[in-house]
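Visitor: I should like to take a close look at a single part of this structure. Would you please choose one residue, explain its setting, and then place it within the wider arrangement?

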Amino acid sequence: MKRLIKFFTSIKLAIVLLIILAVASILGTLIPQGRSLEEYGARYGQMAGLLMKLQLTGLYHSIWFLALLFLFAVNIIVCTLERLGPKYRRAVTPRIESDPKGLLVLKFKDRAKRNVPPDEAAAEVKRLLAGAHYRLKEETVGPRIHLLGRKKILGLFGSDVVHLGLLVILAGGIISGATSIRSNLDLAEGQVKSAPKADFEIRLDKFTTEYYPDGSVKAWKSDLTVLEQKKPVLSQTVAVNHPLTYKGYSFYQTSYGFNWDNPSVEVWAKKKSDPAFLRKLKIKVGERASLDDPEKTTLAVTKFLPDFVLGDANEPVNRSNQPNNPAAFVEGTRDGAPVFSGWIFSNYPDFAQMHAANDKDKEKTTDLAFELKSFDAGQFSVLEAAKDPGVPLIWLGCGLLMAGLALAFYWPTWEIKAVVEGAQGKSDIVFGGLASKSREAFAVEFETVAAALRKSK
Amino acid sequence: MNESTIFVLTFILYIIAAFFYLAFLFTRKESWAKTGSLVAVAGLVAHTAALVVRTVESGHAPFTNMYESISFLSWAFVLAFIIIDRKLKIPRIGPYLMLIVIGLMALASSPLMPKEATPLVPALQSYWLWLHVSVTLLGEAFFAVAFIACLMYLATSDPAKKERMDSVSYRCVAVGFPLFTLGGLVFGMVWAYKAWGTYWSWDPKEVWSLITWFVFALYLHTRIVMGWKGKRSAIIVILGFLAALFTYFGVNYLLAGLHSYA
């Protein structure tokens with residue numbers, strides 16, 4: 001039992017956990033996470049059920065992975081506390097007294113003689129160390145004066161601060177996992193919606209998509225207004241990387257969509273027999289407009305599909321809400337009677353073919369050609385509303401983590417100890433140095449101090 | 001001069017530097033290494049100019065596609081080596097590092113890598129692109145120098161050289177680990193939070209950065225607390241660098257995720 005407890009509180013467990021966490025994490029990147037049962041079935045066959053049972057398909061949120069992280073946290077706490085006590089005592093109530101023989105076996109050591117009483121010699125050592133920014137402690141034991149000079153004591157605690165940072169990050173993660181709220185808001189211009197559990201509302205005033213010359217999207221911008229009891233309190237433009245934050249909620253631009261309910265289209269009408277004939281009609285779907293031709297044709301756009309494909313029965317079907325293959329159905333009437341109709345395609349202007357309503361009008365109708373020049377559907381903005389109370393802890397943890405790393409690697413604790421003793425106006429100084437890190441730099445500094453002490457005055 | 005001319009000039013300078021370093025390796029004459037390091041610095045200056053020109057021409061950070069990213073990574077490798085060489089005087093790492101850099105530059109200039117600067121998708125339009133990518137890759141560059149030192153540790157049988165390479169690799173990790181933590185994990189989390197609204201999504205690239213971090217944490221703990229040195233330490237550093245390399249290359253080509261742009 002004791003050995004078991006010892007294992008759980010040991011650095012060995014930390015090593016084992018680091019390895020297991022790394023291997024488990026790798027596994028989670030090899031097995032696609034969070035897919036459907038069908039997808040796993042197709043991919044792994046018989047194994048799919050087992051993978052799901054072992055929670056390998058949602059590995060990072062599985063009970064056993066969380067248990068590993070919990071064990072990791074406990075191990076960090078125990079190991080850190082175990083080392084913290086002695087370190088704290090060393091920092092606050094260090095042993096000032098040292099044995100001259102012990103000093104002389106250190107890597108950095110030297111000795112010097114003075115023709116002055118010990119207290120004067122000690123004063124000189126203190127001046128030197130203080131000049132090199134060492135904080136001094138002094139103790140007289142019998143005939144000996146013991147000096148302890150130290151700098152950058154905080155460096156001792158670098159690893160503890162790193163561990164504290166990790167624990168704070170893990171705590172932040174737990175809070176995020178348990179309490180964060182996240183939901184998508186589809187907003188058309190003018191629409192007002194509320195984030196889940198929020199006591200205020202968001203209105204989309206304007207949504208714009210900016211394009212690069214090559215047609216790819218440059219930016220999505222949503223002008224948002226925060227409403228408190230229907231009254232505007234804050235207006236801000238939200239774009240990707242520029243969220244709006246209000247009362248703990250953040251609103252992110254994540255995507256956009258088209259509102260295909262009521263698009264407007266631009267249709268050009270031409271006549272094969274008359275190159276000079278060109279009519280540009282801008283109408284909404286469901287409306288009609290006159291072609292202003294001698295035959296007095298009226299054109300109506302009755303349907304619009306953003307992504308036209310032919311279905312199983314060769315009927316027109318809309319495949320998606322993305323404008324991949326925009327198509328409009330146009331109908332021509334004369335004197336109130338239908339004469340022709342057909343689909344026209346924005347991507348395939350030559351593909352359009354008008355079908356005459358009856359044989360009588362065939363000749364006259366095939367003379368007309370239509371092109372779907374452009375279309376304009378209202379776009380709506382897709383925002384993500386998120387409230388994550390764990391986030392402040394995450395940033396605090398990250399700050400501690402980095403501060404701890406800086407302390408651990410670049411704030412080395414250096415110590416110089418000296419023992420001064422003597423009689424009849426003569427003193428003997430023995431001194432030695434200790435550096436936890438950056439020993440090369442410490443060697444240079446120690447040598448400067450030593451050189452000054454060796455110079456006899 | 002346009003960017004591709006300066007890039008070719010950089011490439012040539014790196015090849016010359018590698019020749020001098022190889023000459024040093026075979027003749028053991030310090031003067032060859034000195035000349036090699038001067039040429040490498042000249043190459044780095046030219047490379048910096050190429051990156052600046054690229055930035056000015058494209059109007060965005062020079063690491064948004066694989067060509068730019070590999071070019072920047074090579075730049076970081078050379079910079080990390082020059083810094084470490086200044087501090088610790090380890091010209092022996094030079095020939096191997098320059099050969100890796102030449103390999104990377106060749107990969108960047110191969111037809112596999114599209115060179116055109118494409119406009120930035122909305123998610124990448126942020127100053128965090130600069131901070132996140134440059135600091136992470138610089139950290140990985142120090143891991144690369146540590147990696148070479150560890151390979152040399154394993155390859156040599158001279159105890160003095162082994163001791164030296166062991167210490168060099170630790171000093172490199174001492175620089176690379178904080179940089180990687182800051183750039184890869186902390187800046188990555190801050191940016192993810194600003195762009196996607198969540199600081200951590202268990203996306204494959206995030207997970208592999210974490211794995212890399214775990215491996216180097218393992219290295220530091222076995223070394224500082226348990227007193228491991230030498231061979232076992234060297235093997236952990238090699239694994240850590242391979243994990244970093246997989247985070248950088250492998251995830252893009254083998255695993256799909258949020259980091260699909262670079």
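Guide: Let us begin with A:Gln424, which is exposed because 7 other C-beta atoms lie within 10 Å, and a residue counts as exposed if that number is 12 or fewer. Please bear in mind that the model is predicted. A:Gln424 is found in the loop between two strands of chain A, β20 (414-423) and β21 (426-435). The backbone there deserves attention: phi of A:Gln424 is near 50 degrees, a positive value in a residue other than glycine.

A second residue of chain A may be set beside this one. For A:Asp335, too, phi is near 50 degrees, again a positive value in a residue other than glycine. A:Asp335 occupies the loop between β16 (327-334) and β17 (337-345) of chain A. With 9 other C-beta atoms within 10 Å, A:Asp335 is exposed.

The domains of chain A provide the wider frame. Chain A is divided into four parts: domain 1 (2-89), domain 2 (94-152 + 412-454), domain 3 (165-260 + 381-403) and domain 4 (261-376). The C-alpha centres of domain 2 of chain A and domain 4 of chain A are separated by 97 Å.

Chain A also touches chain B. In this contact, 36 residues come from chain A and 32 residues from chain B. On the side of chain A that touches chain B, two or more residues are given by each of α2 (11-30), β7 (217-228), β10 (249-271), β19 (368-387) and α10 (391-410) of chain A. Of these, α2(A) gives the most, with 11 residues. By class, this side of chain A has 26 nonpolar, seven polar and three charged residues.

Chain B, finally, has an internal contact of its own. Its assignment gives domain 1 (1-120) and domain 2 (130-262), and the C-alpha centres of these domains of chain B lie 21 Å apart. Here 20 residues of domain 1 of chain B are in contact with 15 residues of domain 2 of chain B. On the domain 1 side, α3 (66-88) and α4 (94-109) of chain B each supply at least two residues. The most comes from α3(B), which gives 11 residues to that side. The domain 1 side of this contact in chain B is made up of 16 nonpolar, three polar and one charged residues.

Notes: Residues numbered from 1 in each chain as written. Chains lettered and ligands numbered in written order. Predicted model: local features only at pLDDT ≥ 70, side-chain atom pairs only at ≥ 80, totals over all residues. Domains from an automatic or database assignment. Contact = placed C-beta atoms within 7 Å. Helix = DSSP H or I, 4+ residues; strand = E, 2+ residues; numbered from the N terminus. Nonpolar A, V, L, I, M, F, W, Y, C, P; charged D, E, K, R; others polar. Buried ≥ 20, exposed ≤ 12 C-beta atoms within 10 Å, placed from the backbone.
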